[in-house]
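Welcome! Below you will find a set of short exercises, each followed by a worked solution. Try each task with the model in view before reading on.

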Amino acid sequence: MKLPLPEFLMPAGRSEEHSPTVRARREGPVLYVELHAPDTGNAVTEAMLDELLDIVAAPDPEVRVLVLSGAGDDFCLGGNRTEFAEWLEEDPAGRGIRVAGEKARRVCEAISGGRAVTIARVQGKAVGAGFALALACDLRVGADTAAFRLPELALGLPTAWGGLLPRLIHEVGAARVRELILTGRAFGAAEAYALSVLQRVVPEAELDAAVAAWAKPVVRRPEAALRVTKALLNSYAAATRLADPSFLDAELMASVAAATRRSPAGGNGAGGAHS
């Protein structure tokens with residue numbers, strides 16, 4: 001007998017009342033965006049992606065700084081495994097994964113390519129999709145107890161979510177990224193700082209102060225100069241990449257997930273997917 005899922009794990013549209021999984025508040029030119037599903041470690045669902053898109057795809061032009069954080073003990077534990085498995089159950093070809101993957105790409109592009117300077121405030125674990133959301137931000141500060149991991153390969157999936165891989169290779173370096181992805185090992189804040197995954201590490205109690213120390217000078221910069229400078233930084237970074245096929249992420253994830261599900265040797269992939 002199939003047991004009913006807890007309500008907080010129900011995919012969008014399955015519950016009569018859907019509680020928001022993203023909270024936003026604005027303080028002057030600073031917009032604070034919080035992943036707010038602490039019961040699931042802020043696991044990324046399609047509903048969460050929709051809410052993020054509503055906020056980051058067309059932000060108020062008066063916003064100079066966007067701060068991305070997570071409620072509870074962890075920044076984000078990755079994709080919602082239950083929802084991922086249900087997508088494959090409903091459509092073994094992976095259509096649901098493609099739809100969500102395209103939304104993930106749009107969210108990360110809006111965070112990295114928007115006019116506001118984006119700051120990731122990371123505590124606890126940032127895994128898979130959570131890692132990608134943090135890395136999409138311009139500036140990243142983490143608690144000294146923060147930990148990071150890319151477990152996709154162990155789950156039978158490619159590292160293809162939100163354009164993570166080309167950005168990670170550019171900022172960290174291909175050799176180190178290769179080791180992190182192939183082994184899937186966790187690493188802490190000190191190593192994340194050495195790899196430039198984080199640009200600052202502080203005790204968790206000082207995270208808000210560190211965010212404020214970055215935001216305060218940024219909001220005083222002339223708007224036009226700030227907007228053009230961020231566009232230049234993004235353009236020059238993109239110019240150094242040999243290729244950026246991140247538009248294929250959703251297709252790659254769906255295709256491999258579907259193939260893994262069909263393979264007798266890969267039965268664990270769909271049920272444990274951090275995307």
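**Exercise 1. A salt bridge between two arginine and glutamate neighbours**

Task: Find out whether Glu-191 is buried, partly exposed or exposed, and name its salt-bridge partner.

Solution. Keep in mind that this is a predicted model.

Step 1. Glu-191 has a relative accessible area of 23%, so it counts as partly exposed.

Step 2. Arg-185 has a value of 27%, and is therefore partly exposed as well.

Step 3. Arg-185 is the salt-bridge partner of Glu-191, with 2.6 Å between the closest N and O atoms.

Step 4. The pair belongs to a network: salt bridges with shared partners join Arg-176, Glu-179, Arg-185 and Glu-191.

**Exercise 2. A salt bridge within a helix**

Task: Work out why Arg-167 and Glu-171 are about one helical turn apart.

Solution.

Step 1. Place both residues: they lie in helix H5, which covers residues 164-172.

Step 2. Count along the helix: the two are four residues apart, and therefore separated by about one helical turn.

Step 3. Recall the general rule: with 3.6 residues a turn, an α-helix has residues three or four places apart pointing the same way.

Step 4. Check the side chains: Arg-167 and Glu-171 meet in a salt bridge, at 3.9 Å from N to O. The cut-off for a salt bridge is within 4 Å.

Step 5. Compare the surroundings: Arg-167 is buried at 13% relative accessibility, whereas Glu-171 is partly exposed at 28%.

**Exercise 3. A salt bridge across the chain**

Task: Which residue forms a salt bridge with Asp-208? Where do the two partners sit?

Solution.

Step 1. The partner is Arg-121, and the closest N and O atoms are 2.8 Å apart.

Step 2. Asp-208 belongs to helix H8 (residues 207-218) and Arg-121 to strand S4 (residues 117-122). With their positions 87 residues apart in the sequence, the pair links distant parts of the chain.

Step 3. Arg-121 has a relative accessibility of 17%. Buried means under 20%, so Arg-121 counts as buried.

Step 4. For the wider setting, the structure holds 15 salt bridges.

**Exercise 4. A strand and its neighbours**

Task: Explain why strand S3 is described as largely enclosed, and find the strands that pair with it.

Solution.

Step 1. Strand S3 spans residues 65-70, and six of its six residues are buried, so the rest of the structure largely encloses it.

Step 2. Look at the two sides: Val-65, Val-67 and Ser-69 point one way, while Leu-66, Leu-68 and Gly-70 point the other way.

Step 3. On pairing, strand S2 (residues 30-35) runs parallel to S3 and is joined to it by six bridges. Leu-35 is the residue opposite Gly-70.

Step 4. To get from S2 to S3, the chain passes through helix H1 (residues 46-56), in a right-handed β-α-β crossover.

Step 5. S4 also runs parallel to S3, with four bridges between them. Here Leu-68 stands opposite Ala-120.

**Exercise 5. The helix of the crossover**

Task: Is H1 largely enclosed or largely open, and what covers its buried residues?

Solution.

Step 1. Nine of the 11 residues of H1 are buried, so the helix is largely enclosed by the rest of the structure.

Step 2. Among these buried residues are Met-48, Leu-49, Leu-52, Leu-53 and Ile-55. Glu-46 and Glu-51 are buried too.

Step 3. The cover includes strand S1 (22-27), S2, S3, helix H2 (81-90) and helix H3 (95-113).

**Exercise 6. A loop residue and a surface patch**

Task: Decide whether Pro-151 and Val-228 are buried or partly exposed, and place each one.

Solution.

Step 1. Pro-151 sits in the loop between strand S7 (147-149) and H5. Its relative accessibility is 3%, so Pro-151 is buried.

Step 2. Pro-151 and Ile-181 are 30 residues apart in sequence, with 7.3 Å between their C-alpha atoms.

Step 3. Val-228 is in helix H9 (residues 223-239). Its relative accessibility is 43%, so Val-228 counts as partly exposed.

Step 4. Together with Leu-232 and Tyr-236, Val-228 forms a nonpolar surface patch with about 310 Å² of accessible area.

**Exercise 7. The whole protein**

Task: How many helices and strands are there, and what share of the residues is buried?

Solution.

Step 1. The protein has 10 helices and nine strands.

Step 2. Of its 275 residues, 49% are buried.

Step 3. The accessible surface comes to about 13,100 Å², and 56% of it belongs to carbon and sulfur atoms.

Methods
Residues are numbered from 1 along each chain as its sequence is written. This is a predicted model: local features need pLDDT of at least 70, side-chain atom pairs count only at pLDDT 80 or more; totals for chains, interfaces and linings use all residues. Side-chain values use heavy atoms; hydrogens and water are left out. Buried means under 20% relative accessible area, exposed over 50%, partly exposed in between (1.4 Å probe, protein chains only). Two strands pair if DSSP finds at least two bridges between them. A crossover is right-handed if, with the strands pointing away from the viewer, the path from the first strand over the helix to the second runs clockwise. Patches are made of residues with over 30% relative accessible area and no salt bridge: like charges are joined within 9 Å, nonpolar side chains (Val, Leu, Ile, Met, Phe, Trp, Tyr) within 5 Å. Accessible areas come from the Shrake-Rupley method with a 1.4 Å probe; for residues, only the protein chains shown count as cover. Contact means heavy atoms within 4.5 Å.
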